[in-house]
Protein chains: 4
Amino acid sequence: MSGAGTRSGAAAAGARGRIDKRWAILDAAFAVFAREGYAQAGVDAIAAEAGVAKATVYNHFGDKETLLRQAVTAHAERALAQNLAAVERLTDRGGELGAMLQDVGYHLLQCYCDERSWALRRLLAAELHQFPDLLDIVQGQVADRVTEALADRLARLALAGRLNTTDALLAAEQFSGLLVGPVEKRSRLGTRQLPDAELRDVVGAAVCTFLRAFAPDGAHARQAGQARQA
Amino acid sequence: MSGAGTRSGAAAAGARGRIDKRWAILDAAFAVFAREGYAQAGVDAIAAEAGVAKATVYNHFGDKETLLRQAVTAHAERALAQNLAAVERLTDRGGELGAMLQDVGYHLLQCYCDERSWALRRLLAAELHQFPDLLDIVQGQVADRVTEALADRLARLALAGRLNTTDALLAAEQFSGLLVGPVEKRSRLGTRQLPDAELRDVVGAAVCTFLRAFAPDGAHARQAGQARQA
Amino acid sequence: MSGAGTRSGAAAAGARGRIDKRWAILDAAFAVFAREGYAQAGVDAIAAEAGVAKATVYNHFGDKETLLRQAVTAHAERALAQNLAAVERLTDRGGELGAMLQDVGYHLLQCYCDERSWALRRLLAAELHQFPDLLDIVQGQVADRVTEALADRLARLALAGRLNTTDALLAAEQFSGLLVGPVEKRSRLGTRQLPDAELRDVVGAAVCTFLRAFAPDGAHARQAGQARQA
Amino acid sequence: MSGAGTRSGAAAAGARGRIDKRWAILDAAFAVFAREGYAQAGVDAIAAEAGVAKATVYNHFGDKETLLRQAVTAHAERALAQNLAAVERLTDRGGELGAMLQDVGYHLLQCYCDERSWALRRLLAAELHQFPDLLDIVQGQVADRVTEALADRLARLALAGRLNTTDALLAAEQFSGLLVGPVEKRSRLGTRQLPDAELRDVVGAAVCTFLRAFAPDGAHARQAGQARQA
DNA sequence: GATGAATGAGTATTCATTCAT
DNA sequence: CATGAATGAATACTCATTCAT
């Protein structure tokens, strides 16, 4: 057993080493691509940051383009998971609507303000012309799905009579716009870190406006206003 | 007089030639930078697109960085002028509020959806790390000033009792968010041209939501809803 | 007369202006060529140092090569005149031989150590391969003629029985070698300015050695040794 | 053992290949720098002459300046070794003084007249202003040390009563001057190859003059004169 | 599979030279 | 004639990619 164990252990360690290296390269690649842009990013720099030799990068990914796509895909999936988790906090069973929207909005903005999310969006914007398929990966696989998920939840709330809208997708887009618009301006495209209090204020204002527009009657709006003060 | 005219005409033609070339270079530079990104953009390509020799580019602008900054600055100024003109359509003397907001929002979104505006924002996002001062040029000199101007007009409407808000800047940010959020998603970062009808729908929805939240009483909201149908 | 004077004066002033500019360019060219080397020297820099526009340089000299040759020729002539003046201090009528040699040697070394002479030799060495004809200008027109002139004078001294040599040219070469060899080493190729006292010492030692070898009898050698002490 | 041998052999071949390439580049660089001057020399040309790709040059030396310094240093060391070997032929045990000086002088001049030595001096003169540290490498590390070594040997001869001088360094400088002065003029800065007979004549004349000046009595001088005839 | 060395294609920048004024 | 502007050719240096070990 020890012999077999040793061998399989060695093999496992080797596989683990390979996988670790693969992830190290992907992380380094994303970091360098985001920091320098695709053209400016050197494979040298990526290899150095990953702690491997340049040729190893090519052994794993073949060429620079593939590396970009894989790195973006990996980080897009991470972002998608985080955002969906945030959306799922919104249920029709849950308690008071304003508080729940505040909670969801806050977590969505935290995803949005994550350093790596800013990097992902900047990278996407930067390389749109040269790599249009990145748009499908990021916008299609992530952003749209998050909006759809949010729309689903809003639709269930509307069905339950707790929201007054017939176009749940538009409502979801507008809720996002109310959250993201102010933040994009104030954080100067992710350059400045917003203090948590300001973030909560933005969320509160968004929820307040959203409820005034979409709550079945005026009562909720006032409650939301109170939630914002808290 | 004709002699003097001839001379000054010749001199003017010379100066005109220089100025024309300068503008040709700036336009070509902006186009190529936006299409390829700073690092990927070749000065060769810029010169070719401008119809001048590469060295002429260097005679005028010294180096690639300066060329980028000048091109961005020039186009930022153009965008600023257009946006301010749009905002100025919002007066406290004007007619029905919903119709006016619809008009302003539509023109603002037209500015926003201009191909060169998308290019400017993408370029800014792409080169933020390498040229942080571009942020001051674009965000500080343009976006913020437009929001401030919009806030000014909203504040006057609030003073006139036609809007119900105490934080005009926040209201302006939210109005922008309601306009821009849906558009950014639907046009896939400017990749897809939105049909005019869809654009008007987005504006109508934004105005409707905005008025429900900020109109002094429910009457306006209903009017806005009707405006949206029209 | 005043009219003609004015006109010719104007013409003269114009011509003077042209000539002045020509000399300014030649001086600037020599300075820049010597400082930077032919390839590295920019016509821009020369024009700037001469205080004229770049195109003016081309109006006067046609191209960079011509400019180099003219500048070198001009300064070679200057150096030739200085060196010949030094050699002519050596006469067969003059007083004590050692003192005269000391005087000639000192003035020759002063020519040799002139900043512009170092520059001329460095420039010649640098551009030998690309412009072999400079060698004829500098070596043939200057250095050789100085050595010949010195040989002439030494020959007359030998005829007068005051020197003991049959090959005056060789004697002249050796005298030069005794002067120049130590100086070239000590001044580090003209980088370091030799103090006047050290210069005189070198001359004294050269004269002393020269006389010991070439004086008809030992008496002169001793006198030269005394001259060196003084 | 054969396996190990194979491996080390392969490794050695690899290392040898690198070293060979390094030397090929250094030689090519020196040749091209000497032929064209630093500014004019293209790294392309150097790489081509070395038979490697341009990037390989940069992999080995980083930039053009470093390449120049390394090439000069390498060839300066070579020249130093040759010159010191020549000086060491001068011993106080050896036979007749005139013959020994003739031998040393001849070998020193052969070093001096080596094509690469001329190239080294020309290159030094050419690039003095831009790379003043080359002076330390060539003058300080080579020329001065050779003169010092020669002075050492002359001093031992003086101690042994075979030379009459109290300043061995000056004597060494003058001996060099007597050798080099005539040669520099006759070979036209290394442009013309001196025939061996003329070289020997120059050495003979130098030794003759030197001994007349520094031999303890007249006897040696006459012997040297005879040596020159031989 | 991981690495160091080698390479060829590409790019920003400079500069001698010309032309219109 | 003196000039400012324009240009084409040349060059140092970089980098993605491949190959031998």
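This is a short chat about how chains A and B meet, how the protein meets DNA strand F, and some of its salt bridges.

Student: Before I dig in, what should I know about the model and its numbering?
Tutor: It is a predicted model, where local features need pLDDT of at least 70 and side-chain atom pairs count only at pLDDT 80 or more, while totals for chains, interfaces and linings use all residues. Residues are numbered from 1 along each chain as its sequence is written, chains are lettered from A and ligands numbered from 1 in the order in which they are written, and side-chain values use heavy atoms, with hydrogens and water left out.

Student: Okay, how many residues from chain B and chain A are in the contact?
Tutor: Chain B brings 38 residues and chain A brings 39 residues. Contact here means heavy atoms within 4.5 Å.

Student: And what area gets buried between chain B and chain A?
Tutor: About 3700 Å², with carbon and sulfur atoms giving 56% of that. Buried area is the accessible area (1.4 Å probe) that two parts lose on being put together, summed over both.

Student: Which residues in chain B lose the most area to chain A?
Tutor: Those are Glu173(B), Lys185(B) and Arg188(B), together 17% of what that side buries.

Student: How many salt bridges go across the interface of chain B and chain A?
Tutor: The rule finds four. A salt bridge is a side-chain nitrogen of Lys or Arg within 4 Å of a carboxyl oxygen of Asp or Glu. Asp144(B), for instance, forms a salt bridge with Arg188(A), with the closest N and O atoms 3.5 Å apart.

Student: Which helix of chain B gives the most to the side that touches chain A?
Tutor: That's α8(B), with eleven residues. Helices (H or I, at least four residues) and strands (E, at least two) are DSSP runs, numbered from the N terminus.

Student: Switching to the DNA: which residues come nearest to strand F?
Tutor: Of the 33 residues around DNA strand F, the nearest are Tyr58(A), Thr56(B), Thr56(C), Lys54(D) and Tyr58(D). Sugar and phosphate account for 62% of the atoms of DNA strand F that come within 4 Å of the protein. A residue is near a strand if one of its heavy atoms lies within 4 Å of it.

Student: What does chain C do there, atom by atom?
Tutor: A polar backbone atom of Ala53(C) is 3.0 Å from a phosphate oxygen of DNA strand F. Asn59(C) has a polar side-chain atom 3.4 Å from a base nitrogen of DNA strand F, and a polar side-chain atom of His60(C) lies 3.5 Å from a phosphate oxygen of the strand.

Student: Which helix gives the most to the surface near DNA strand F?
Tutor: α3(B) does, with five residues.

Student: How many salt bridges does the structure hold over all chains?
Tutor: It holds 52. One of them pairs Glu65(A) with Arg69(A), with the closest N and O atoms 2.8 Å apart.

Student: Where do Glu65(A) and Arg69(A) sit in the chain?
Tutor: They are both in helix α4 (residues 64-87) of chain A, and because they are four residues apart, about one helical turn separates them.

Student: Is Glu65(A) buried or exposed?
Tutor: Glu65(A) counts as partly exposed at 34% relative accessibility, and Arg69(A) is partly exposed too, at 25%. Buried means under 20% relative accessible area, exposed over 50%, and partly exposed in between (1.4 Å probe, protein chains only).

Student: What about Glu49(C), which residue does it form a salt bridge with?
Tutor: Glu49(C) pairs with Arg35(C), the closest N and O atoms being 3.0 Å apart. This pair links distant parts of the chain, with Glu49(C) in helix α2 (residues 43-50) and Arg35(C) in helix α1, 14 residues apart.

Note on methods: Polar contact = N/O pair within 3.5 Å; in protein donor to acceptor, adjacent residues only side chain to side chain.
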